[in-house]
Amino acid sequence: MTTILIDGTNIFTMQHTANPATDNNGNLIGGTQGFLIKMANVCKEIQPLKVIVFFDGAGGSLARREFKKDYKKGRRPRFFAGGRFDLVNEKNYEQNKQWQHETLKQLLDLLPINTITTNGFEADDGIGYLVKHREFFGLGDIVILSSDKDFIQLISDHVKIYHAQLKVLLDADAVHAKHGVMPQHWALYRAISGDPADNIKGCGGVGPVKFKEIFSAMEQELSPDDLIENLSEHKSYSKIWANKSLIEDNYKLIDLKNPMMSMHAKEALEKSIKSFEPKFKKFEFLRKLIDLGITVNFNMFDVFLRLI
């Protein structure tokens, strides 16, 4: 059995940025259309028995911002690549994005797919929590649909990533071949290198080549303290030791195996998973697509019949 966990915010934003499709009234609808097509195509390839979509909700980054005030600070919206929106039209862009997002969620509610909006925690944390407790929730093997590299740390014998942009299934060997780092070292690797997209400052002076030297001989998963202990003879030891506090803080922000979720958030997520009953309101779904003027091959959505 396989479950697909979809990083909904990531996939929707990617499609909304790149897809120029419009509805019957000339409004951009590419984010919604592209999301549905991407999801259907991946489901056709993977053949899951369960699909769960996570969207960031209100206060999603609150816990991380309380821990690090400038977390994700300074992020600018991504604008339509075709040039129909720019900074001058930012208000129109955001209004359209919000409308498409709500339209997408209405359509997903008609499919046998569990859609979860993560109020109080990030979608990444929700996915990380389900991966950690996949046996408890009866999810079987897991495929994460996203282009976010943070999920690499979750890859295992039972967890893979379907990279939304590359359109490939990533396992541990594929990650090591591309990055020279194994998934079990990824969180620590990013804690040292930093993540500009989330405004996480890295440890300067320790580049990719040194990273590979450090991690190549290590097989087990390591914490920042383990790293310091194992690097006592390495030439990068002094640089990493000098930035130990920074690396420890970064690790807490990046670590998805121990997600930043309150007990209340965990209980709410567990309830959403356990109480969900898959239903496919096929004719309502197709009628809404027609009313919106979304042009797709309707037969592609028959793949969702196996989820009932």
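Is glutamine 47 buried, partly exposed or exposed? I will start there, with the reminder that what we have on the screen is a predicted model. Glutamine 47 is partly exposed, with a relative accessible area of 34%, and it sits in the loop between helix H2, residues 30-46, and strand E2, residues 50-56. I picked this residue for its backbone, since the phi of glutamine 47 is near 60 degrees, which is a positive value in a residue other than glycine. As background, most residues other than glycine have a negative phi.

A second residue belongs beside it in this discussion. Lysine 167 also has a phi near 60 degrees, again a positive value in a residue other than glycine, and its place is in the loop between strand E5, residues 159-163, and strand E6, residues 168-170. Lysine 167 is exposed, with a relative accessible area of 57%, whereas glutamine 47, at 34%, falls in the partly exposed class.

Let me step back to the chain as a whole. The chain contains 13 helices and six strands, and of its 308 residues, 50% are buried. If we take the contacts between residues at least 6 apart in sequence, 72% of them join residues at least 24 apart. The exposed surface of the chain comes to about 15,000 Å², with carbon and sulfur atoms supplying 49% of that area.

Which helix is largely enclosed by the rest of the structure? That is helix H5, residues 123-132, and the description follows because nine of its 10 residues are buried. The buried residues of H5 are Ala123, Asp124, Asp125, Gly126, Ile127, Gly128, Tyr129, Leu130 and Val131, so that, by the under-20% cut-off for relative accessible area, each of these residues counts as buried.

One of those residues, Tyr129, takes us to the aromatic rings. The count of aromatic pairs comes to six. In one of these, the rings of phenylalanine 136 and phenylalanine 137 have their centres 5.0 Å apart and their planes at 80 degrees, and the pair is therefore edge-to-face, the cut-off for that class being over 60 degrees. The two partners differ in their exposure: phenylalanine 136 is exposed, with a relative accessible area of 52%, while phenylalanine 137 counts as buried at 7% relative accessibility. Ring pairs link Tyr129, Phe136 and Phe137 into a cluster, and through Tyr129, which is among the buried residues of H5, this cluster includes a residue of the helix we have just discussed.

Technical notes: Residues are numbered from 1 along each chain as its sequence is written. This is a predicted model: local features need pLDDT of at least 70, side-chain atom pairs count only at pLDDT 80 or more; totals for chains, interfaces and linings use all residues. Side-chain values use heavy atoms; hydrogens and water are left out. Helices (H or I, at least four residues) and strands (E, at least two) are DSSP runs, numbered from the N terminus. Buried means under 20% relative accessible area, exposed over 50%, partly exposed in between (1.4 Å probe, protein chains only). Contact means heavy atoms within 4.5 Å. Accessible areas come from the Shrake-Rupley method with a 1.4 Å probe; for residues, only the protein chains shown count as cover. Rings of Phe, Tyr and Trp (its six-membered ring) pair if their centres lie within 6.5 Å; planes under 30 degrees apart count as stacked, over 60 as edge-to-face and the rest as tilted.
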